[in-house]
Amino acid sequence: MQISTLLSILRLLTFVFAVPVDKRSPTSLKYHTLDFDVVDMTPSSKRSETETIYRRTLYYFARVSIGSTKQQIGVSVDTGSSDLWFPSNDATCTNGVNCKSIGTFTPSISSTFHNLSTSVDNNYNDGNGAQGYWSKDDFWFTDGTKVEQIQFGLMTSSGRETGVLGLGAPDLEATNDKYPNFPATLKNAGIIDKTAYSLYLNSATASSGSVVFGAIDKAKYNGDLAVLDFADYRWTAITLGSVTAPDGSKVDLNIPVALDSGTTYIQLETNTARQIYQALGLSESGSASCDQLSLDTNQLTLNFAGVSITIPYKSLFYQFSGGSLCQARIYGSSGGNNFFGDLFLQNAYVAYNLDSKKIGLAQANYNDATNLVDFWF
Ligand SMILES: *[C@@H]1O[C@H](CO)[C@@H](O)[C@H](O)[C@H]1NC(C)=O
């Protein structure tokens, strides 16, 4: 047999064997990926290292296309709120921010736009909100998939730098009567089978991440995905059992923590933050001399039912210039709510199932591979 014939047979065999493999791949899996960019929006006035707490403000920007002419608008992906909104072309910016730099929507040039004519007022914990009218129009994924008539707030006034894509539970919608928000509309349209999505915020230094609607990416985490019940559905919160310091000392907490991509770092109720500072040997304000911390090797361990997530000290602490003082990026708030923001989510892979009211959680594994599977919980 000639070599070339043998090669053709081998090639044919490969082809024949490839068919069942293809069939095993989840052709029926319904999912859609929304990529986002990580952008540093820290106002230049706050970049000064003389600030007592250096708070960088990273935004996780997805570009959405809306309306018959596919107008592109940047919105910040927020698992801690539940409405989609963005400014209209003639919006007034308040609060001294440029609310229109990441894109606006011009309703007059979209033939599919509908004004629901009811007012919307979105307020956030930081006090900066946006007001306008509820509207509907078609939404386009980058691959050309259309989702008809998604509801959003078209804002005539905004005190925020960006619009928001809220992915949370309907309970947090800024309406009295709840409506199908973005994830629910994808399900109702048959684009996904469950009101469920997975968040891969990626590492602290990455410039992009993604949300996969309708699927879980097994390549993006280490070990098994622990499945937890919501401690508080409204806030998509789970129970934090305890934290373990590098010296092994443990603080029992059993508190609900909201997994919120819209929060910078980690915000905890004041007393809880203090308890953790103490366990880590920090001052009452959460700082310490960097020399004492072993930044390169130590980590904070957060214990949940069935899984622990670690945060390396390198990202947990901000090191002031000169290098002597380090400040923990866990800050206390008197509000009583606990938000595990981007500092936590950069280290975790989180799969939210709003239908079964369960969350899958594992340590993030940073890489470019994908292995998508259906939600199994
Ligand atoms: C939507 O309806 C409200 C209430 O009638 C109106 O004030 C507003 O100008 C309308 N907006 C657009 C873009 O049509």
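This talk goes through one predicted model, from its overall make-up to its ligand, an open sheet and one buried strand.

Let me begin with the protein as a whole. The chain of this predicted model has 377 residues, of which 53% count as buried, and its secondary structure comes to 5 helices and 25 strands. If we take the contacts with a sequence separation of 6 or more, 66% of them are accounted for by residues that stand 24 or more positions apart. The surface that the protein exposes is about 17,000 Å², and carbon and sulfur atoms supply 48% of that area.

I turn now to the ligand. Which residues are around the ligand? They are P107, N115, S117 and Y133, and this shell divides into 2 nonpolar residues, 2 polar residues and no charged ones. From three of these residues I can give you a polar side-chain atom and its distance to an oxygen atom of the ligand: for N115 the distance is 2.4 Å, for S117 it is 3.3 Å, and for Y133 it is 3.5 Å. Taken alone, the ligand exposes 360 Å², and of that area the protein buries 48%.

Next comes the open sheet. This sheet has 7 strands with mixed pairing, and their order is β18-β17-β13-β14-β22-β15-β21. The strands at its edges are β18, residues 307-312, and β21, residues 330-333, each of which pairs on one side only. As a reminder, strands of a sheet pair through backbone hydrogen bonds, either parallel or antiparallel.

Both senses can be seen at the two edges. At the β21 edge, strand β15, which covers residues 266-269, runs parallel to β21 and is joined to it by 4 bridges; along this pair, Q267 stands opposite Y331 of β21. At the β18 edge, strand β17, residues 299-304, pairs with β18 in the antiparallel sense over 6 bridges, and here F304 stands opposite V307 of β18. Strands β17 and β18 form a hairpin with 2 residues between the strands, and in this hairpin G306 takes a positive phi near 85°.

Staying with this sheet, I would like to look at T244, which is found in strand β13, residues 237-244. Is T244 buried or exposed? Its relative accessible area is 18%, and because the cut-off for buried is under 20%, T244 counts as buried. The side chain of T244 is joined to that of N303 by a polar contact of 2.9 Å. Leaving aside residues up to four places away in sequence, T244 touches S249, K250, Q299, L300, T301 and N303.

The last part of the talk concerns strand β23, and I start with one residue of it, A351, which lies within the strand's span of 348-353. A351 is buried, with a relative accessible area of 0%. Which residues does A351 touch, not counting those up to four places away in sequence? They are Y197, S198, I216, L225, K358, I359, G360, F375 and F377. A351 and A362, which are 11 residues apart in sequence, are 9.1 Å apart in space, C-alpha to C-alpha.

What holds for A351 can be set beside the strand as a whole. Of the 6 residues of β23, 6 are buried, so the strand is largely enclosed by the rest of the structure. A348, V350 and Y352 point one way from β23, while Y349, A351 and N353 point the other way, and all of them are buried.

Which strands, then, are paired with β23? One is β9, residues 196-200, which runs antiparallel to β23 and is joined to it by 4 bridges; in this pair L199 stands opposite V350. Another is β24, residues 358-364, which also runs antiparallel to β23, with 6 bridges between the two, and in β24 the bridge partner of Y349 is A362. Strands β23 and β24 form a hairpin with 4 residues between them, and K357, in the turn, has a positive phi of about 60°.

To close, let me return to two points. The ligand has N115, S117 and Y133 among the residues around it, and the protein buries 48% of the area that the ligand exposes when taken alone. Strand β23, for its part, is largely enclosed by the rest of the structure, with β9 and β24 both running antiparallel to it.

Notes:
Residues are numbered from 1 along each chain as its sequence is written. This is a predicted model: local features need pLDDT of at least 70, side-chain atom pairs count only at pLDDT 80 or more; totals for chains, interfaces and linings use all residues. Side-chain values use heavy atoms; hydrogens and water are left out. Buried means under 20% relative accessible area, exposed over 50%, partly exposed in between (1.4 Å probe, protein chains only). Contact means heavy atoms within 4.5 Å. Accessible areas come from the Shrake-Rupley method with a 1.4 Å probe; for residues, only the protein chains shown count as cover. A residue is near a molecule or strand if one of its heavy atoms lies within 4 Å of it. A polar contact is a pair of N or O atoms within 3.5 Å; within protein, one must be able to donate a hydrogen and the other to accept it, and residues adjacent in sequence count only if both atoms are side-chain atoms. Ala, Val, Leu, Ile, Met, Phe, Trp, Tyr, Cys and Pro count as nonpolar, Asp, Glu, Lys and Arg as charged, and the others, Gly among them, as polar. Two strands pair if DSSP finds at least two bridges between them.
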